[in-house]
Amino acid sequence: MQDTYGRNISYLRLSVTELCNLRCRYCMPAEGIAKRNHAEMLTEEEMVRAVRAAARLGVTKVRITGGEPLFKPNILSICRGVCAVEGIRETALTTNGTRLEALAGPLRAAGIRRVNISLDTLDARKYAWMSRTGRLEEALSGIEAALEAGFEKVKINTVLIGGFNGDEVADLANLTRKWPVDVRFIELMPMPGSGLRDEEAYIPCSKVLEWLPEAQPAKVHDGVARLYRLPGALGNIGLISPLSNHFCAECNRLRLTADGHLKPCLHSGDEISLKGLDEEGMLEAMKQAVRMKPRQHEALSAREESRSARPMNRIGG
Ligand code: SAM
Ligand code: SF4
């Protein structure tokens, strides 16, 4: 379906849980978040129903996210259900990777075609500090397991954080020479509840190009990422710049939170609940959400907080 500004809405990001085993400082409070009443959250059946409604709207791509989707006990069954929906051609999942060693093969067998893995540092002590509860070696084993499991594409997502990983951009980019992966650098977004909000924490993507003088523009296109390539690399470098160069004009997505709220825009507080609706009701709600998509979000900068009304773990990134 086309929205008011002529954008074709073809992509749904489906968050299957708000909970996570990590507590990344830019995403979650140190104490984590309270587990919500089961009855407030979408059931597996409702998630698949929502994807069926989305497919009728014209959605062809679904990304499963969270919280941490791989800590959802019925994640494989959810993935099988989503991947079986007629019309959904591209199925992807975003994870912190810490459970991928065990789950990469079963996820591929369930029909997931692409995986994005979050990795902000290659230093074990820094990883433990930023994630508060995580171990780098688990994420690295997860990446290797994903590469062995035969996904069509494996991407690594790195949030750029001043004073934390600016000095590692070259090392992280060099992973594209070691593995057939794309490494995408993402500007830190000022989300509510983020513990990293000072201006020093913000690094614009333009810095990455200064730090990677060998990177050449790549000839391929990848959604909202601008792509570059290092000589001899097996994958691309992606730059995703929600602050310095917002990509609202190309926004083709809807987000569905784990508690059943459709978000027409990541950085707006507008939401429509799908909880308890049948497929027709969900389809109507989705049409309304598409009509509500703003031309672009309100100003967003290191000083201007997102109006999303939810922290990132409760939206799904
Ligand atoms: N737990 C999974 C993971 O970490 O990949 C999936 C959910 S997480 C919310 C999705 C993505 O959002 C991750 O790549 C994470 O780094 C990113 N993210 C979280 N908070 C962010 C922020 N304030 N700015 C930019 N990206 C953020
Ligand atoms: Fe968990 Fe992902 Fe948020 Fe980190 S970014 S706390 S892994 S949901």
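**Entry 1: aspartate 222**

I began with aspartate 222, which I found in the loop between β7 (216-217) and β8 (226-229), and I note here that I am working with a predicted model. I then asked myself whether aspartate 222 is buried or exposed. Its relative accessible area is 18%, and because buried means under 20%, aspartate 222 counts as buried. Next I looked up its neighbours, leaving aside residues up to four places away in sequence, and I found that aspartate 222 touches Lys155, Arg184 and Leu227. With arginine 184 I could note something further, since the side chains of aspartate 222 and arginine 184 are joined by a polar contact of 3.4 Å.

**Entry 2: ligand 1**

I turned to ligand 1 and asked how many residues surround it. I noted 18 residues, and the closest are Gly67, Glu68, Thr95, Ser118 and Met189. Sorting this shell by class, I wrote down 7 nonpolar, 9 polar and 2 charged residues. I also checked which strands take part, and β3 (90-95) and β5 (153-160) each supply at least two residues of the shell.

I then went through some atom pairs. A polar backbone atom of glycine 67 is 2.9 Å from a nitrogen atom of ligand 1, while a polar side-chain atom of tyrosine 26 lies 3.3 Å from an oxygen atom of the ligand. For serine 118, I noted that a polar side-chain atom lies 2.5 Å from an oxygen atom of ligand 1. On its own, ligand 1 has 540 Å² of accessible area, and the protein covers 94% of this.

**Entry 3: glycine 317**

I looked next at glycine 317, which is found in the segment after α9 (279-292). At 26% relative accessibility, I recorded glycine 317 as partly exposed. Not counting residues up to four places away in sequence, glycine 317 touches Arg13, Arg255 and Met312. I also compared its position with that of valine 181, and the two are 136 residues apart in sequence and 20 Å apart in space, C-alpha to C-alpha.

**Entry 4: the chain as a whole**

Finally I stepped back to the chain, in which I noted 9 helices and 12 strands. Its radius of gyration is 18 Å, close to the 20 Å that the globule rule gives for 317 residues, so I wrote that the chain is as compact as a globular protein of that length. Along its principal axes, the C-alpha trace spans about 50 × 45 × 40 Å. I found that buried residues make up 55% of the 317 residues, and that the chain exposes about 13300 Å², of which carbon and sulfur atoms supply 49%. Among contacts between residues at least 6 apart in sequence, 74% join residues at least 24 apart.

Methods:
Residues numbered from 1 in each chain as written. Chains lettered and ligands numbered in written order. Predicted model: local features only at pLDDT ≥ 70, side-chain atom pairs only at ≥ 80, totals over all residues. Heavy atoms only, no water. Near = heavy atom within 4 Å. Polar contact = N/O pair within 3.5 Å; in protein donor to acceptor, adjacent residues only side chain to side chain. Areas by Shrake-Rupley, 256 points an atom, 1.4 Å probe, with all protein chains shown as cover. Helix = DSSP H or I, 4+ residues; strand = E, 2+ residues; numbered from the N terminus. Nonpolar A, V, L, I, M, F, W, Y, C, P; charged D, E, K, R; others polar. Buried < 20%, exposed > 50% of the residue type's maximum accessible area, 1.4 Å probe, protein only. Contact = heavy atoms within 4.5 Å. Rg over C-alpha atoms; globule rule 2.2 N^0.38 Å.
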